[in-house]
Amino acid sequence: MNGKHALRNGILWGLGFALMIAALYMVFIYVPTEKHTGIIQRIFYFHVPVAWVSFLAFFITFISSILYLWKRQTKWDAIACASVEVGVIFTTLVLITGPIWAKPVWGIWWTWDARLTTSLVLWLIYIAYLLVRSLATEPAKGARYSAVIGIVGFIDVPIVFLTVNMWRTQHPTTIIFEGGLTTPMLMTLLVCIAAFTVLYVLLVIQSSGLKTMEAEIRRLRIIKAE
Amino acid sequence: MENLGYLLAAYTVIWAVVFGYILFLQRKQRRLQRQIDALKGSIEK
Amino acid sequence: MDKDIPTSSTWAVEARGIEKTFGEMRALRGIDLTVSRGECLVIFGPNGAGKTTLLKILSTLIKPSAGSVRLDDIDIRDKPAQIRRRISLVGNQTFLYDNLTVFENLKFYGKMYDVADLEKRIREVVSWVQLESRLHDRAGTLSRGLQQRASFARAVLHDPSILFLDEPDVGLDPHASAMVSEILESINSGSRTVVMTTHNLEQGLELGDSIIILDRGRVIYEASRQELSGADFRQIYNQYTETGR
Amino acid sequence: MNKAFTKIFTIFWKDMLTEFRTREIIISVLVFALLVLVIFSFAFGTGADMTEMTAPGILWVALTFGGIIGLTRTFAVEKENSRLEGLMLCPVDRAVIYWGKLAGSFTFMLAVAVVVTPIFLALFNLPIFLPRLALVIVLALIGFASVGTLFSALAVNTRARDIMLPILFLPVVVPVIVSAVKATVTVLAGAPWGDMLTWLQIMIAFDIIYLVAATLVFEFVVEE
């Protein structure tokens, strides 16, 4: 880590911290309670940004995977893999907070709604991504194979979403936004999305940095073996 | 207010997992840094 | 088949700075080698020296981590299909399908290489390896030695100008080995360039126009046939591969 | 272009010929698919009301899991005796190898479906001759083969290769399975064409997208 990186990371951490505090303040104090579903609706302000980040993460993986296969620079592989790691963690959170939200509102834990089901399918695809990486016979092969999965897995997203939407149509948004999205609600949502996006960027920087360190260790081990 | 428990549960899970992950990354970073230092040290000798 | 070999370079095989790393293992650490057209290069070296990896890189099967390979003066990254048409590889695996007959195997590979007048060509190569009587037997029922001969037939089917042989007589009984030696002696005839690896010092010395010894991913010794005449190569080999071990 | 087709057919025919000799893929997949059919019928019952809802599901579970067994073999065969290296040495575009293997796995799955489906229809006392069902099966199996051939080549180079293929394959083909089941429901209910159009469209879109995508990325899976 050189000075420039340290400065950038410092600014990002500061920004992320400030945004998170602002988000917490807005969610719990600033924004008025929604009339129809009550206090539980406040899960919305974190559930939606977490879901957004998980899609963003897999999109970034898709782009980095293409760039890796094209340019063959390890940094793209490191970003793709780090992004999947963060994406899987956030998808897990979507799959946990979704039912916690659904239970008090609809009285059921799980609903086969398009968004939740797509998240579940994505979770399974990217778990497979991480498995292939760890089970590849050689790191270079693992990088190539996971890039392929990062590409063919992501183009499945719209098809899965469309299919599930046709299969079981149950739209939670109509229930949440019966009164429409008021300005304070929208402001709160946007701040939360910004906060989680910065958190995502920070986590990817941190995690891809570890991949670079692992590569460095491999390099040093080779030198040592000489 | 009866759903406060669910709300708290959801937030607790999110923060627990995120902090857990950050902690995991930092411990791993420290471990890898130690390995790098050890390797560099043994190469210089 | 296009036979027009560009003549701007005299090298049939030209490798520069070949490196290959598998994970934490450096299989090859900077290999430079050249083979003139029509010559035979023999690569010796102990197990794990990187011989097979080198042959796979030269024959386009593996991409090197660094360095470049030119075959018949074409960079193998530029026109892989054109390159593959000119080369062939006999490995210690035969690439044959056990449940197809020798004939069907040859027909399959012949079609993949667009061999003209295929059936006639199959008869030619089969008589060259003296396998006529077993032509319609399934490859899986053949002994290791016979399979290796079928593998040679497969390799020369499209009349490659460069042939890579990876320990062609490993695991063969003495009789089959002698048969393979005979084939090897005739394979280099004409303008065909051969690069082969072997453990068999006598055979390698007999066939090679030049030889190199590979150890732990490096060329540690190279000489032409003239330079070697009269020298005790076994002593040289042992001396080079055992120093520093 | 013409040459590419000849070579795709050459690879395809080589796989057919091998299979005629041993019948190891078709027979094992067929037995497995029939077993799934029977076991699931026991598990869910075959009452008239059950038939309408669960029968299509049972058929597609049988064809999906049978397909996985067949796809596992697609590249396992080439891995033995390093034959994949022999194929890779051939002066053909890597996409040609993909399409050749794809044609083979599609044909094997289709052959199994041709036997399993009438048996399934008979077991559930449904009409045997259903041309619309044939269309659904063909579209779904193209989807299976397009993704399955790519992942089969990928899985043979990992440790735990037998389990890797289903783990990769199943989540990606979720849209095909859902559409195939839904389309089969409409066929068996005798509903008009319009009702199954959506599902056919999804499968066609899936097939085209994955045939193109897999053709483009296949070389990155087989190169070393």
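**Entry 1: chains A and D**

I began where chain A meets chain D: 27 residues from chain A and 26 residues from chain D make the contact. This is a predicted model, and I kept that in mind throughout.

Which elements of chain A give two or more residues to the side that touches chain D? I found helix H4 (114–135), helix H5 (139–154) and helix H6 (156–167) of chain A. H5(A) gives the most, with nine residues. I then sorted this side of chain A by class. It has 21 nonpolar, three polar and three charged residues.

**Entry 2: chains D and C**

Next I turned to chain D and chain C. Here 20 residues of chain D are in contact with 22 residues of chain C. On the chain D side, helix H1 (2–22) and helix H4 (83–89) are the elements that give two or more residues. H1(D) gives the most, with eight residues. I sorted this side by class as well. It holds six nonpolar, six polar and eight charged residues.

**Entry 3: chain B**

I looked up chain B on its own. It has one helix and zero strands. Its C-alpha trace spans about 65 × 5 × 5 Å along the principal axes. Of its 45 residues, 9% are buried.

How far apart are the closest C-alpha atoms of chain B and chain C? They lie 14 Å apart, and no contact joins the two chains. I asked the same of chain D. No contact joins chain B and chain D either, and their closest C-alpha atoms lie 25 Å apart.

**Entry 4: confidence**

I checked the scores before going into detail. The predictor gives the complex an ipTM of 0.89 and a pTM of 0.91. Chain C averages a pLDDT of 85, and 93% of its residues score at least 70.

Where in chain C is confidence lowest, and where is it highest? The low end is helix H9 (residues 233–242) of chain C, at a mean of 76. The high end is helix H3 (residues 102–112) of chain C, at 95.

**Entry 5: chain C as a whole**

I counted the secondary structure of chain C: nine helices and ten strands. Its C-alpha atoms fill a box of roughly 50 × 40 × 40 Å along the principal axes. I compared the radius of gyration with the globule rule. For 245 residues, a compact globule would have a value near 18 Å; chain C has 18 Å, which agrees.

I looked at burial too. Buried residues make up 46% of the 245 residues in chain C. Then I looked at contacts with a separation of 6 or more. In chain C, 70% of them join residues 24 or more positions apart.

**Entry 6: a sheet and its helix in chain C**

I traced an open sheet of four strands in chain C. The order is E2-E1-E4-E5, and the pairing is antiparallel. Which strands are at the edges? They are strand E2 (25–36) and strand E5 (74–75) of chain C, each of which pairs on one side only.

I followed one pairing in detail. Strand E1 (residues 11–22) of chain C is joined to strand E4 (residues 66–71) of chain C by five bridges. One example I picked out is Ala15(C), whose bridge partner in E4(C) is Val69(C).

H1(C) packs on this sheet and touches E1, E2 and E4 of chain C. Its direction makes about 120° with that of E1(C). Why is helix H1 (residues 51–58) of chain C largely enclosed by the rest of the structure? Seven of its eight residues are buried, so the surroundings cover most of it. I listed the buried ones: Lys51(C), Thr53(C), Leu54(C), Leu55(C), Lys56(C), Ile57(C) and Leu58(C). Just after H1(C), Thr60(C) takes a positive phi of about 70°.

**Entry 7: two more positive phi values**

I noted Gln130(C), which is not a glycine but has a positive phi near 55°. Gln130(C) lies in the loop between helix H4 (118–128) and helix H5 (144–156) of chain C. Is Gln130(C) partly exposed or buried? It has 14 C-beta neighbours inside 10 Å, so it counts as partly exposed.

I noted Asn125(D) as well, also with a positive phi near 55°. Asn125(D) lies in the loop between helix H5 (94–123) and helix H6 (131–155) of chain D. With 10 C-beta neighbours inside 10 Å, Asn125(D) counts as exposed.

Key: Residues numbered from 1 in each chain as written. Chains lettered and ligands numbered in written order. Predicted model: local features only at pLDDT ≥ 70, side-chain atom pairs only at ≥ 80, totals over all residues. Buried ≥ 20, exposed ≤ 12 C-beta atoms within 10 Å, placed from the backbone. pLDDT = per-residue confidence, 0-100. Contact = placed C-beta atoms within 7 Å. Nonpolar A, V, L, I, M, F, W, Y, C, P; charged D, E, K, R; others polar. Rg over C-alpha atoms; globule rule 2.2 N^0.38 Å. Pairing = 2+ DSSP bridges. Axes fitted to C-alpha atoms, helices over the stretch in contact; angles between N-to-C directions.
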